[in-house]
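Grab a pencil and open the viewer. Try each exercise yourself before you read its solution.

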Amino acid sequence: MAKAATVPVRVEKVLAGRKIIELNYQEIYDHKPNIYKWIKRVFDIVASSVAIIILSPIFIMTALAIFLEDGGPVFFTQQRAGKDMKSFKIYKFRSMYKNAEAQFERMQAQNEQTGHAFKIKNDPRVTHVGKFIRRYSIDELPQLFNIIKGDMSIVGPRPILTSQMEACNAYEKQRTIVKPGLTCYWQVCGRAKIKWDKWVELDLQYIQDMSIAKDIELIFRTFPAIFGQDGAY
């Protein structure tokens, strides 16, 4: 009796027309040198601490601008999917009006992003200050504290809502094998202009490419991306 052929792990499988697995990204990450992971963590702590000190005037001015426009709270927190699908509380400067969360379900019909992410170019819930700080990613700066805590890294896939990530298939969930970050390929390749499927592919590509050199490259590519017009909303 002929022995059934074993399908290699790395062979792409398709179920009902949807990609489930293409590469064993967990295996790829596990084989990254431990020294790289240690250096990455040390760099995250040191760089974030220095950045908070240097950028403290921007923190103060942003907080004051938000408060003067429509009062507190200055900060906004939300549950996002972290490494291995572990939920964590992300910190941001509040860029929307206070009742924005209550309007989220109603706004779903206007979503301009595909898949499991949510983006609207001219979101009516965004304040005047919010438009400016989103334009230059200033609203993301409080995530430097998430990085120090260990929830995030400077470089890694951008985290989305825990509920959105839970709705993803097995292939898409592989983007949570590594810690989410402030910047990654998505941030430097067009941001909101990139549709969900491509976004996932870029995040999985990062898992393959991640190294000290790649992280440094992406950090330097982030600065011109922030000050450019491409997908900034």
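Below are five exercises, each with a worked solution.

**Ground rules**

The model is predicted, so local features need pLDDT of at least 70 and side-chain atom pairs count only at pLDDT 80 or more, while totals for chains, interfaces and linings use all residues. Residues are numbered from 1 along each chain as its sequence is written, and side-chain values use heavy atoms, with hydrogens and water left out.

**Exercise 1. Take stock of the chain**

Find how many helices and strands the protein chain has, and what share of its residues is buried.

Solution. Start with the DSSP runs (helices are H or I with at least four residues, strands are E with at least two, numbered from the N terminus). They give 11 helices and 6 strands in the protein chain. Next, burial: with a 1.4 Å probe and protein chains only, buried means under 20% relative accessible area, exposed over 50%, and partly exposed in between. On that scale, 46% of the 233 residues are buried. Last, look at contacts (heavy atoms within 4.5 Å). Of those with a separation of 6 or more, 72% are between residues 24 or more positions apart.

**Exercise 2. Work through helix H3**

Check the span of H3, residues 56–70, then sort out which of its residues are buried and which are exposed.

Solution. Length comes first. The expected span is 1.5 Å times one less than the number of residues. For the 15 residues of H3 that predicts 21 Å, and the end C-alpha atoms sit 22 Å apart, which agrees. Now the faces: Phe59, Thr62, Ala63 and Ile66 are buried. They span an arc of only 100° around the axis (taken from the directions from the helix axis to the C-beta atoms), so they share the same side of H3. Ile60, Met61 and Leu68 are exposed on the other side of H3. What does the buried set of H3 pack against? Its partners are strand E4 (87–93), helix H5 (128–135) and helix H6 (143–149).

**Exercise 3. Do the same for H2**

Repeat the span check on H2 and name the elements its buried residues pack against.

Solution. With 21 residues, H2 should span 30 Å, and its end C-alpha atoms are 30 Å apart, which agrees. The buried residues of H2 are Tyr36, Lys40, Asp44, Ser48, Ala51 and Ile52. An arc of only 115° holds them, which puts them on the same side of H2. Across the helix, on the other side of H2, Asn34, Ile35, Trp38, Ile53 and Ile54 are exposed. The buried residues of H2 pack against H3, H6, strand E5 (153–155), helix H10 (196–209) and H11.

**Exercise 4. Two helix pairs**

Decide how H2 lies relative to H11, and how H3 lies relative to H5.

Solution. Axes are lines fitted to C-alpha atoms, for helices over the stretch in contact, with angles from 0 to 180 degrees between N-to-C directions. Angles under 35 degrees count as roughly parallel, over 145 as roughly antiparallel, 65 to 115 as roughly perpendicular and the rest as oblique.

- H2 (residues 34–54) and H11 (residues 212–227) meet at about 30°, with axes 10 Å apart. H2 is therefore roughly parallel to H11. Tyr36, Ile39, Lys40 and Phe43 of H2 touch Ile212, Asp215 and Ile219 of H11.
- H3 and H5 cross at about 155°, with axes 9 Å apart. That makes H3 and H5 roughly antiparallel. Here Thr62, Ala65, Ile66 and Glu69 of H3 meet His128, Val129 and Ile133 of H5.

**Exercise 5. Loop backbone**

After H3, where is the cis peptide bond, and what are the phi values of aspartate 84 and methionine 85?

Solution. Glycine 71 follows H3 with a positive phi, near 80°. The cis bond joins glycine 72 and proline 73, with omega about 0°. Proline 73 belongs to the loop between H3 and strand E3 (75–81). Go on to the loop between E3 and E4, where you find aspartate 84 and methionine 85. Phi is near 60° for aspartate 84 and near 70° for methionine 85, positive values in residues other than glycine. Aspartate 84 is partly exposed at 49% relative accessible area, and methionine 85 is partly exposed at 23%.
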